[in-house]
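Biologist: I have the model open and a few things to ask. Can we go through them one at a time?
Modeller: Go ahead.

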Amino acid sequence: MSQGYHHITVMADEALEILNVVSGGVYLDATFGGGGHSERILEKGGRVIALDLDDEAIENARRLKERFGDRFSIFKGNFKEAFKFCRMAGVERVDGVIADLGLSSNQLEQSGRGFSFMRSEPLDMRFDRTAGRTAYELLSELSVEDIAYTLKTFADIERDTKVAGYLKEYFSKGMPNDALSFAEYIRGCRFIKRNRRIDPATRVFMAIRMLVNNEVDNLTTFLARLPMIVKNDTRVVVIAFHSVEDRIVKNIFRKFVRQDLVETEGIKLRAELLIKKVIRPSERERRSNPRSRSAKMRAIRFLRIG
Ligand SMILES: C[S@@+](CC[C@H](N)C(=O)[O-])C[C@H]1O[C@@H](n2cnc3c(N)ncnc32)[C@H](O)[C@@H]1O
């Protein structure tokens with residue numbers, strides 16, 4: 001966390017321990033955010049190539065550039081193209097990768113982009129404000145079927161067609177481009193199953209954010225392309241915050257492990273899980289940073305064969 005940019009890094013000790021950072025090693029921080037993981041790696045003497053889609057995160061990275069100079073490179077870009085940014089930094093393969101998925105507290109609380117259903121802000125929800133369509137634009141254009149698909153696949157929302165039909169009316173009637181007003185409207189939907197602990201707007205907002213930012217496609221492509229940037233003993237740590245994301249990580253990691261051989265540009269590798277199931281934040285961390293509660297960490301290691 002830095003002055004101005006607000007985010008408390010999740011599971012930093014666990015990530016650092018698994019990455020086993022060595023001085024002079026090169027590490028990819030695929031989701032820079034407030035830079036907490038990058039900073040810890042740099043403090044241990046590693047070199048970091050960091051990525052983020054959000055201009056505010058990129059701006060926030062200046063402090064690490066000033067402090068660590070050439071050992072730190074930051075690019076505005078999508079982690080699904082990580083190999084391209086590594087090459088731009090003059091690196092073919094890295095010693096470790098950290099991806100801390102989802103959104104930062106800064107984006108949720110201070111970005112003014114409608115990520116939070118508790119704030120009166122335009123329904124934008126883009127990580128990269130300079131590209132793509134806002135949530136309001138997208139939902140105004142999408143059919144009920146497409147919205148239903150989004151709710152079902154990204155947030156496991158039941159009675160998806162009924163809920164989608166209800167949501168679509170908000171946009172076809174030209175109701176306010178305002179997160180607070182939309183959340184209130186969602187609460188009036190009788191088709192959403194009630195859960196005493198969770199506001200009905202939570203999962204709808206999450207599904208829309210995932211749609212706006214192509215999160216499933218980005219994550220799937222990023223993980224599938226890992227062999228392009230790994231070498232012997234590269235460790236990859238991923239922190240997911242909901243079941244859809246975590247399932248993708250679990251399945252792709254398992255696929256790598258089941259394959260006897262991951263071959264890329266003549267380099268033969270195999271993979272092994274570094275965490276058999278998942279690691280959750282400690283009780284202490286969950287108490288001091290309630291946002292960490294849903295975090296699930298998985299890790300894999302690639303090993304060269306022959
Ligand atoms: C949870 S935050 C990372 C926090 C960071 N690890 C820290 O300790 O401060 C996730 C970040 O990933 C970024 N992000 C999300 N999807 C991305 C993508 N496809 N490519 C690059 N960055 C992405 C978001 O903009 C956000 O800043």
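Biologist: How many disulfides does a search of the whole structure find?
Modeller: Zero disulfides turn up in the whole structure, where a disulfide is a pair of cysteine sulfur atoms within 2.5 Å. Before we go on, this is a predicted model: local features need pLDDT of at least 70, side-chain atom pairs count only at pLDDT 80 or more, and totals for chains, interfaces and linings use all residues. Residues are numbered from 1 along each chain as its sequence is written, and side-chain values use heavy atoms, with hydrogens and water left out.

Biologist: And Cys86, buried or exposed?
Modeller: Cys86 counts as buried, because its relative accessibility is 0%. Buried means under 20% relative accessible area, exposed over 50%, and partly exposed in between, with a 1.4 Å probe and protein chains only. Cys189 is also buried, with a relative accessible area of 0%.

Biologist: Changing topic. What is the volume of the largest pocket?
Modeller: About 1500 Å³. On a 1 Å grid over the protein atoms alone, a pocket is an open set of points with protein on both sides within 12 Å along at least five of seven lines, whereas a cavity is a set of points where a 1.4 Å probe fits but cannot get out; lining residues have an atom within 4 Å of a point. Grid points are joined across faces, edges and corners, and a volume is the space filled by probe spheres set on the points.

Biologist: Which residues are closest to the centre of that largest pocket?
Modeller: Of the 45 residues lining the largest pocket, Thr202, Met206, Phe241, His242 and Ser294 are closest to its centre.

Biologist: Which helix gives the most to the lining of the largest pocket?
Modeller: α11, with five residues. At least two residues each come from α6 (105-110), α8 (144-155), α11 and α13. Helices (H or I, at least four residues) and strands (E, at least two) are DSSP runs, numbered from the N terminus.

Biologist: What is the make-up of that lining by class?
Modeller: The largest pocket's lining has 20 nonpolar, 11 polar and 14 charged residues. Ala, Val, Leu, Ile, Met, Phe, Trp, Tyr, Cys and Pro count as nonpolar, Asp, Glu, Lys and Arg as charged, and the others, Gly among them, as polar.

Biologist: OK, closed spaces now. How many cavities of 30 Å³ or more are there?
Modeller: Three cavities reach 30 Å³ or more. The largest cavity holds about 440 Å³ of space, and 32 residues line it. Thr31, Asp52, Asp100, Leu101 and Gly102 lie nearest its centre. The lining of the largest cavity takes at least two residues from each of α2 (36-43) and α12 (215-224). By class, that lining divides into 11 nonpolar, 16 polar and five charged residues.

Biologist: And what lines the second largest cavity?
Modeller: Lys250, Phe253, Arg254, Leu273, Ile275, Lys276, Lys277, Arg298 and Ala299. Two or more of the lining residues come from each of α13 (243-258) and β8 (296-304). The largest share, three residues, comes from α13. The lining of the second largest cavity has four nonpolar, no polar and five charged residues, around a space of about 60 Å³.

Biologist: Which residues of helix α10 are buried?
Modeller: In α10 (residues 179-187), the buried ones are Ala179, Phe182, Ala183, Tyr185 and Ile186. Down the axis of α10 they fall within an arc of 160 degrees, so they line one face of the helix; the arc is that of the directions from the helix axis to the C-beta atoms. Their cover includes α9 (160-172) and α11 (201-212), contact meaning heavy atoms within 4.5 Å.

Biologist: Backbone next. What is the phi of Met125?
Modeller: Met125 has a positive phi of about 70 degrees, although it is not a glycine. Most residues other than glycine have a negative phi. Met125 sits in the loop between α6 and α7 (135-141) and counts as buried, at 0% relative accessibility.

Biologist: Where is Arg159?
Modeller: In the loop between α8 and α9. Phi of Arg159 is near 50 degrees, again a positive value in a residue other than glycine. Arg159 is partly exposed because its relative accessible area is 46%.

Biologist: Last one. What does Val26 contact, leaving aside neighbours within four places in sequence?
Modeller: Val26 is in contact with Arg47, Ile49, Val91, Val94, Asp95 and Gly96. Val26 is in strand β1 (residues 26-29) and is buried at 12% relative accessibility.
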